[in-house]
Amino acid sequence: MPKLTIDNLEVTVPEGTNVLEAACALDIAIPHFCYHEALGAVGSCRLCAMMFTDGPVKGLQMACMVKAQDGMVVSSTHPDAMELREHVIEWAMTNHPHDCPVCDEGGECQLQEMTVAGGHSKRRFRGKKATFTNQDLGPFIQQEMNRCITCYRCVRTYRDYCGGTDYGVLGSRNRIFYGRFQEGKLESPFSGNIIDACPTGVLTSKPFRFKTRLWDLQEAPSICPHCSLGCAIVPGGRYREVQRVRAGINRETNGFFICDRGRFGYDHVNHPERPRQPRIGGQPVALETALDAVRDRIAVLVEAHGPNSIAFLGSSRASLEANALLRDWASAYGSEQLAYEAHQGRDYAARTLAARVGGHACSLGDLRQSDLIILFGADPLAEGPMLAVAIRQAVRGGAKVVTIDPRPVELPCTTLHIPLPASRLPELLAALGSGDLSAFDAQERATFAPLLDQIKAARRPAMVGGADLLGGQGIAALCSAAADLSTASRAVGVMALLGGPNSYGGALLAGDGPGFDTLLDAIQERTVRALVCLESDPFCEALDPARAQAALGHLELLVCIDSTPSLAAQRADIFLPSRANAEMSGSYINNEGRLQEFLPVIDPGLPIKVTGAGDHPPREFFQTTPGSAPAADWWLLAKLLERATILAELRKTMAKYDERFSMLSFLAAGTTGLRLPVKVALPPVADRGLPHADGSDNQTLLATTGPLGSHWLAHLSAPLAATEPQPYVCLHPDFAAALGLASGDRARLTTRFGHCHVEVRLSAQMVSGLVLAPQLWDTALEGLAPGSLHDCRLEKEARA
């Protein structure tokens, strides 16, 4: 590793490190704009000038463009370097307006910091400034182009790193403009990252506009609750509401960026219909009264019908600590009726992954270094968006990507797409693992044989599966294939996209316990009389919602602990309001088995804009904060178990009695987290598989995970409301032609859930003979659990 001297301080850095990064390692602040650790160096801003006085490189150089070498002697305070930086920052400020007091970037503006660091303090330019007309870039991004210093960070983030195509640089000389050819919503699902990348106030958050200055925000490191990847985020809150989310840094997961769902999907915390008061029979009560009622009514049922008359349902949305306490609560009664996911396909997939993945688990950081990535039934943009960005970085490094899926999977990079029915994915995985493709016809063998050769030749291959389409059987086949294709010198990595941020944690706790379908059987047989739901809504989240609703109607007692206005919360006999993850401490285990902590940003309460009816400050004063009843999910369960309600004590107990969680004592927020090298028991019975069509009609519908705004928490967020599409179906052009349908037609979709009017979309990348429909909340498609198959009838609507 090269050893060099900067400002009389010696430092040894890894090979390939540039001098600017070496200076940062010594905590020497060098002004810069265009350099970004994730984006690399291009040397366009000319602000990081340093004087190389001795060694293999000499003279005034841009630090970001020079690789560190042995014997270098560098000065950041040399008069020539300081003079150049002063001139460069003066040039950058030539057209910049004097609007800092009204700029949303104030307080976190890199331009302000670098102007001071560059030594520029007085404006000498008296000429006419270049001005521009701002574009409307959609509901997320506010543009103020007059503030631009042409550092190119936004374009490099949007186009180069995230793969967007509708935003770029136009013009020449001092007429450079960053935007679209025509104004309109930015199409990339990662568009919000240009807010973080922009060092000035050109690109800011439109939902956060003019709300709060940085120094007034309460911020803390947290984990995104919208998928299973465990991306680092930093929520910011004030006035009892979460007002924004920015990307955190975790080089093992999301790196430096996040998706728009994670960035703008925070408003479920502030939702006006969020239940904030404990209820019994729909009537508000004190929290202690509700807790006593839960204990008393469950005790009566246990006395009358035995411990197994009480069932418990955890959730991938709930914290690890709360899910562990739910298990302890079930054990305290002696009940074996415990599950952690209402969607049985996702449940079995998570448990199988936890039991089988072993040393093959790979992180997003590992995937970015892969040279071959194969996706089996995984749709990253819908099920784990930052996976798509990680795949793009692998492709930029020379990797090849193959997607095998019945759906038209879109990625922000070049990929080979092979359409294959979901039912055949486990068969293909078994064939690849064994090397025997004889079960496939000649054309299919010609397609898959080269793929098998590529896997064997790759140095860092990875296989990615989706829980919705693979289920438990498919994930087992994925892990087996990875093990069979691995060699002593290199392992085949495995990643699976699971249902939620703590699906893996729930799988560890579930072990070989029953699935939710087994609990439904017991409810229908009247063996189970009561159900406790922790951050879960079985009415809507079950693989077969119609069956779940019919069975749950037989319950004598439904207890719900939740932070959202779910159907279960509305129908609960006893409801206990919980805090959202931005309001409490806790931990999640992501899809690779990485344990990560999140911290609270605000305390729960009705936002001041609500209690003040638009005025500020409010003209009424209270002894308690309105809407402050919600408590942390683990706190509520600890109270019900009459245990200590201190998180550190709960974690010590978990680590003491379950060695799999021994790392909880070392957990720290804002770090990369701790990988848990554990194995658990496999699910108790063979996965029943996903619901299939019964063949009564000649049209089969595959339910899929919807786009950006159609996930439950995202659906509750006002900033994402504009992204929710109207109901639609997707067909292969040949199949559409056979049905007399064309792109853009309106059609009537009939399923066992009823009728729905949909728009027809076409894609030649999908399997023919299949109707794809996304689950969309508050529409006729919300009953379509992702991964399930249904008989349907699709008919063209007559034009008016």
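**Parallel strands, internal cavities and aromatic contacts in a predicted model**

Strands β16 (residues 310-313) and β17 (residues 338-339) run parallel and are joined by two bridges. The model examined here is a predicted one. Within this pairing, F312 has L338 of β17 as its bridge partner. Between the two strands the chain passes through helix α8 (residues 320-333), and the resulting β-α-β crossover is right-handed.

Strand β16 also pairs with strand β23 (residues 530-534), again in the parallel sense, and this pairing extends over four bridges. L313 of β16 is the residue that stands opposite C533 in β23. Strand β16 is covered on both of its faces. One side carries I310 and F312, the other A311 and L313, and all of these residues are buried. F312 thus takes part in the bridge to L338, and its ring also belongs to one aromatic cluster together with W329 and Y333. W329 and Y333 fall within the residue range of helix α8, 320-333.

A further parallel arrangement is centred on strand β21 (residues 461-466). Because six of its six residues are buried, β21 is largely enclosed by the rest of the structure. Both faces contribute to this picture: P461, M463 and G465 are buried on one side, and A462, V464 and G466 are buried on the other. Strand β18 (residues 372-376) pairs with β21 in the parallel sense over five bridges, and in this pairing V464 is the partner of L375. Strand β22 (residues 493-497) likewise runs parallel to β21 and is joined to it by five bridges. Here the bridge partner of V464 is M495. V464 accordingly has a partner in L375 and another in M495. Strands β21 and β22, together with helix α15, make a right-handed β-α-β unit.

The interior was then examined for enclosed space. Rolling a probe the size of a water molecule over the atoms shows where empty space is left. The structure holds eight cavities of 30 Å³ or more. The volume of the largest cavity is about 560 Å³. Its lining comprises 37 residues, and those that lie nearest the centre are S316, R346, G499, H711 and W712. Four helices each supply at least two residues of this lining: α11 (380-383), α15 (467-485), α18 (538-541) and α24 (712-715). Helix α15, which is part of the right-handed unit with β21 and β22, is therefore also one of the helices that contribute to the wall of the largest cavity. By class, the lining of the largest cavity consists of 16 nonpolar, 14 polar and seven charged residues.

The second largest cavity has a volume of about 110 Å³. It is lined by 15 residues, with R317, E535, S563, N581 and Y588 lying nearest its centre. Seven residues of this lining are nonpolar, four are polar and four are charged.

E535, one of the residues nearest the centre of the second largest cavity, also has a notable backbone angle. Most residues other than glycine have a negative phi, and most peptide bonds are trans. The phi of E535, by contrast, is positive, near 50 degrees. This residue is placed in the loop between β23 and α18, and it counts as buried because its relative accessibility is 3%, under the 20% limit. A positive phi, near 60 degrees, is found for D778 as well. D778 lies in the loop between β33 (770-774) and β34 (789-796). With a relative accessible area of 62%, D778 is exposed, whereas E535 is buried.

Aromatic contacts form the last feature considered. A pair of aromatic rings is described by the distance of the centres and the angle of the planes. The count comes to ten aromatic pairs. In one of them, Y152 and Y178 are arranged edge-to-face, at 5.5 Å centre to centre and with 90 degrees between the planes. The pair links distant parts of the chain, 26 residues apart: Y152 is in the loop between β6 (141-143) and α4 (153-161), and Y178 is in strand β8 (residues 177-179). Y152 is partly exposed, at a relative accessible area of 31%, while Y178 is buried at 2%. F440 and F448 form another edge-to-face pair, with 5.4 Å from centre to centre and 65 degrees between the planes. Both F440 and F448 are buried.

Conventions: Residues numbered from 1 in each chain as written. Predicted model: local features only at pLDDT ≥ 70, side-chain atom pairs only at ≥ 80, totals over all residues. Heavy atoms only, no water. Buried < 20%, exposed > 50% of the residue type's maximum accessible area, 1.4 Å probe, protein only. Pairing = 2+ DSSP bridges. Right-handed = clockwise from strand over helix to strand, strands pointing away. 1 Å grid on protein atoms, 1.4 Å probe; cavity = no way out; pocket = protein on both sides within 12 Å on 5 of 7 lines; lining within 4 Å. Points joined across faces, edges and corners; volume = space filled by probe spheres on them. Nonpolar A, V, L, I, M, F, W, Y, C, P; charged D, E, K, R; others polar. Phe/Tyr/Trp six-rings, centres within 6.5 Å; stacked < 30°, edge-to-face > 60°.
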